[in-house]
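The following exercises concern the sequence and model shown below. Work through each task before reading its solution.

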Amino acid sequence: MFEELLLQLQNPNTQWVLIGTMLLGIASGVVGSFTLLRKQSLIGDAMAHSALPGVCIAYLLYGSKSLLWFLIGAIIAGLISSFFIQVIINHSRIKEDSALGIIISVFFGFGIVLLTYIQHNGAGNQSGLDDFIFGQAASMIAADVQLITIIAIILLAITAVFYKEFKLLTFDPQFAKGIGIPAKFFNGLLLLLIVCSVVIGLQTVGVVLMAAMLITPAISARYWTEKLSSMIIISGFIGGISGVFGTLLSTIMEGMATGPLIIIAATILFIISLIFAPKRGLLAKAIKQLHLRKRTAVEQIFLSFYDVAEGGNLREITEEEVLLKRKVTPSLYQHAKNVLEKKEYIKPSSNGK
């Protein structure tokens, strides 16, 4: 298997796909950090589903498959969908999550209608538009990867240049407006970055799974740090690693699409973060809770002995009395008893109990 993997890595097409998925993961992780912190997780889903009719219309206008025109069509469709979302929120009583659900359903349904129309009017199978639903990274060529690389680098550069503005608008938008930052411009710019990151992932991951590529690395990174800059770096790293692992798995497992394997790799990294993160992970919380229970048990058991001594009754107190009064488990009682004896707060009875 290892020799087969090395042989596959020597294939130029595999190398292009590997570079493309890695850059996609990095860009998605960086932009997705702001999406997650701004509580706009569904925006990526809306942009991804809204991109499908844009891709279909671009194909109908151009007449053949062209990733550049598909990207342009998807960007326009994504921006139009975001405009409609804002119109619905601002001019009706419909809340944001409901508006997102409406736009996702309408635009994706319209895209399926256009896709069906194309397939029934010749050249539908040759167009490769089906790949944009679930993704088909193997169909990428050098020109596609070069375009993805250029867009990913531009996204990362814009994020680095306007990092302070995005940070202020994410955590304190009122203060940002107060010091003169054009909030509408930077909100629109961030939305454009989200749309572009979604669009470059359509061919690799697909419409259905692209939202997970935006959010999963960001959620994983959130478990490891409290600092935004560190979260962005970790999120980009997790996204890039997910892209690489998913691509390598798809080269080994015949017949398995790259996009779903990338999401599976990202999900595995999320589970690892969820369990083993040093401060926020479930294991760390369980250990902290256990230490708290032990410390509380020591205090409770000590109070039991203190109550006896305070009443002037220096008789021996049995384990059953303590367990009945303080309602601690026998194991915690034994731990507390050992701690108190070690500190010489209590002494064992004559019979050793």
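**Overall composition**

The secondary structure of the protein chain consists of 17 helices and zero strands. The model is predicted.

**Exercise 1.** Determine what percentage of the residues of the protein chain count as buried.

*Solution.* The protein chain has 353 residues, and 43% of them count as buried. In addition, 71% of the contacts with a separation of 6 or more are accounted for by residues 24 or more positions apart.

**Exercise 2.** Compare the span expected for helix α4 (residues 67–90) with the distance between its end C-alpha atoms.

*Solution.* Step 1: the expected span is 1.5 Å times one less than the number of residues. Step 2: helix α4 has 24 residues, so its span should be 34 Å. Step 3: the end C-alpha atoms of α4 are 34 Å apart, in agreement with that value. As a further point, the buried residues of α4 include Leu 67, Phe 70, Gly 73, Ser 81 and Ile 88.

**Exercise 3.** Describe how helix α2 (residues 12–37) packs with helix α8 (residues 142–161).

*Solution.* Step 1: the axes of α2 and α8 come within 9 Å and cross at roughly 25 degrees. Step 2: angles under 35 degrees count as roughly parallel, and therefore α2 is roughly parallel to α8. Step 3: the crossing of α2 with α8 is left-handed. Step 4: among the residues making the contact are Trp 16, Gly 20 and Phe 34 of α2, together with Ala 142, Gln 146 and Thr 159 of α8. Step 5: by class, the contact of α2 with α8 comprises 13 nonpolar, four polar and no charged residues.

Notes
Residues numbered from 1 in each chain as written. Predicted model: local features only at pLDDT ≥ 70, side-chain atom pairs only at ≥ 80, totals over all residues. Heavy atoms only, no water. Axes fitted to C-alpha atoms, helices over the stretch in contact; angles between N-to-C directions. Helix = DSSP H or I, 4+ residues; strand = E, 2+ residues; numbered from the N terminus. Parallel < 35°, antiparallel > 145°, perpendicular 65-115°, else oblique. Left-handed = near helix turned anticlockwise from the far one by under 90°. Contact = heavy atoms within 4.5 Å. Nonpolar A, V, L, I, M, F, W, Y, C, P; charged D, E, K, R; others polar. Buried < 20%, exposed > 50% of the residue type's maximum accessible area, 1.4 Å probe, protein only.
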